Amino acid sequence: MKEQQSAKGCGGCGAALQSVNKELPGFVPASSLNTEGAICQRCFRIRNYNDAVQVSMDHDEFLRLLGGIASTDSLVVHIVDLFDFEGSMISGLQRFVGNNPVLLVVNKIDLLPKGTNYNRIRNWVQRQAKAQGLRTVDVVLCSAKKGMGFDRVVEAVEMLRGRRDVYVVGATNVGKSTLINRLISDYSDLERELTVSRFPGTTLDEIRIPLDDGHFIIDTPGIVYTSRLTELVPRGVLGALLPDKPIKSLVYQLDAGQSLFFGSLVRFDYTHGSNLSFTLYTANALKVHRTKLERADELYAQHKGVMLAPPSLEELETIPAWTRHSLRIPRGSESDVFISGLGWIRVNGTSGAQVEVYAPKGVKVLVREALI
């Protein structure tokens, strides 16, 4: 068997070289593992193609990395996924960044239904960020995939950073690499070698990309939050979970005592309340089945992984068992039931309700102010 890890560090970022997983720091092809002066795939692509490759990091390691930002004089750019807002926000970011300004970049607005009021969305984001204790100097909505709003992001970075370094932080799969690549192309002179600065207490080094004025874009690895359904399912299931085009919202009129199945991934029970409509904001590819609550257990037992799919029966074995979440929708409120990585369910009406959500253990499920 070929050696899969080397004692050597990457010549660009210092991460331990390995040839096992392309999505983890330090990846090189096995043939280059012990080559003198080898650099990882991520550094190679930045140096030669102006292209940042996303890598991920576990939660504790990431928090140790963040711990050094407060002592710097920097602009912090926090990228979040609007489709999974609460799931992609970095919890407690404010205490790590200290007095440094935070620009909140909200990606994937192209997934919202056509005709969405973006001013309302931006105001909603500001309220949610404030509620989580994050002080932002600006909020910019964009779509990395479609290029919408990216000029505004670049302008905001240029205006807010002054003569400071720029730290770019975010969870996995929020579009961080796309922004890094745009900043590299607009502001970086990559004829110079990459410069590396190691944070104390961590084996992974961030990548410092030199800017023309002598400062740096600091590209940090994406943090992995296992509270997101998208981090728990096999790769083959992601196509049904991650929207690739604007969501076509589905409306279900439900009486208490009815259930909805989202494949075999999540179950939603409407247990108490008057007749209500619920609007589903989930990927168009994800199939939804309605049944009576009294038949829900039987239906799941007989059809999980087949009619109720994805995932398949084989894939289902790799996903944590369900945990039940009992949620009260307050009377008089306009609320969503948010399920991280799946989307959200808008409760239409203000009469109040009681619902139960079954989701894989660890997945974040909550009631929030309605986004739309």
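Which residues form a nonpolar patch on the surface, and about how much accessible area do they have together? Val306, Met307 and Leu313 do, with about 270 Å² between them. Keep in mind for every view below that this is a predicted model.

**View 1. A nonpolar patch on the surface, seen around leucine 313.**
Val306, Met307 and Leu313 make up the patch. Leucine 313 belongs to helix α11, which covers residues 313-316. With a relative accessible area of 44%, leucine 313 is partly exposed.

**View 2. Phenylalanine 83 and tryptophan 344 make a tilted aromatic pair.**
There are nine aromatic pairs in the structure. In the one shown here, the ring centres sit 5.9 Å apart and the planes are at 55° to each other. Phenylalanine 83 comes from the loop between β4 (74-81) and α3 (85-88), while tryptophan 344 is in strand β18 (residues 343-348), so this contact ties together parts 261 residues apart in sequence. Both residues, phenylalanine 83 and tryptophan 344, are buried.

**View 3. Arginine 368 has two partners, a ring and a carboxylate.**
Arginine 368 lies over the face of tryptophan 344, 5.0 Å from the ring centre. Arginine 368 also forms a salt bridge with aspartate 336, where the closest N and O atoms are 3.1 Å apart. That salt bridge links strand β17 (residues 335-339), home of aspartate 336, to strand β20, home of arginine 368, across 32 residues. Aspartate 336 counts as buried at 0% relative accessibility, and arginine 368 does too, at 5%.

**View 4. An aromatic cluster, with arginine 267 over one of its rings.**
Phe261, Tyr300, Trp322 and Tyr358 group into one aromatic cluster. The charged end of arginine 267 sits over the tyrosine 358 ring, 4.6 Å from its centre.

**View 5. Glutamate 369 and arginine 127 meet in a salt bridge.**
This is one of 16 salt bridges in the structure. The N to O distance is 2.5 Å. Glutamate 369 sits in strand β20 (residues 365-369) and arginine 127 in helix α5 (residues 118-131), so to speak distant parts of the chain, 242 residues apart. Glutamate 369 is partly exposed at 32% relative accessibility, and arginine 127 is partly exposed at 40%.

**View 6. Arginine 161 forms a salt bridge with aspartate 213.**
Here the closest N and O atoms are 2.8 Å apart. Arginine 161 lies in helix α6 (residues 150-161) and aspartate 213 in the loop between β8 (207-210) and β9 (216-219), so the pair joins parts 52 residues apart in sequence. Arginine 161 is buried, at 6% relative accessible area, whereas aspartate 213 is partly exposed, at 25%.

Notes:
Residues are numbered from 1 along each chain as its sequence is written. This is a predicted model: local features need pLDDT of at least 70, side-chain atom pairs count only at pLDDT 80 or more; totals for chains, interfaces and linings use all residues. Side-chain values use heavy atoms; hydrogens and water are left out. Rings of Phe, Tyr and Trp (its six-membered ring) pair if their centres lie within 6.5 Å; planes under 30 degrees apart count as stacked, over 60 as edge-to-face and the rest as tilted. Helices (H or I, at least four residues) and strands (E, at least two) are DSSP runs, numbered from the N terminus. Buried means under 20% relative accessible area, exposed over 50%, partly exposed in between (1.4 Å probe, protein chains only). A charge sits over a ring if NZ of Lys or CZ of Arg is within 6 Å of the ring centre and within 35 degrees of the ring normal. Patches are made of residues with over 30% relative accessible area and no salt bridge: like charges are joined within 9 Å, nonpolar side chains (Val, Leu, Ile, Met, Phe, Trp, Tyr) within 5 Å. Accessible areas come from the Shrake-Rupley method with a 1.4 Å probe; for residues, only the protein chains shown count as cover. A salt bridge is a side-chain nitrogen of Lys or Arg within 4 Å of a carboxyl oxygen of Asp or Glu.
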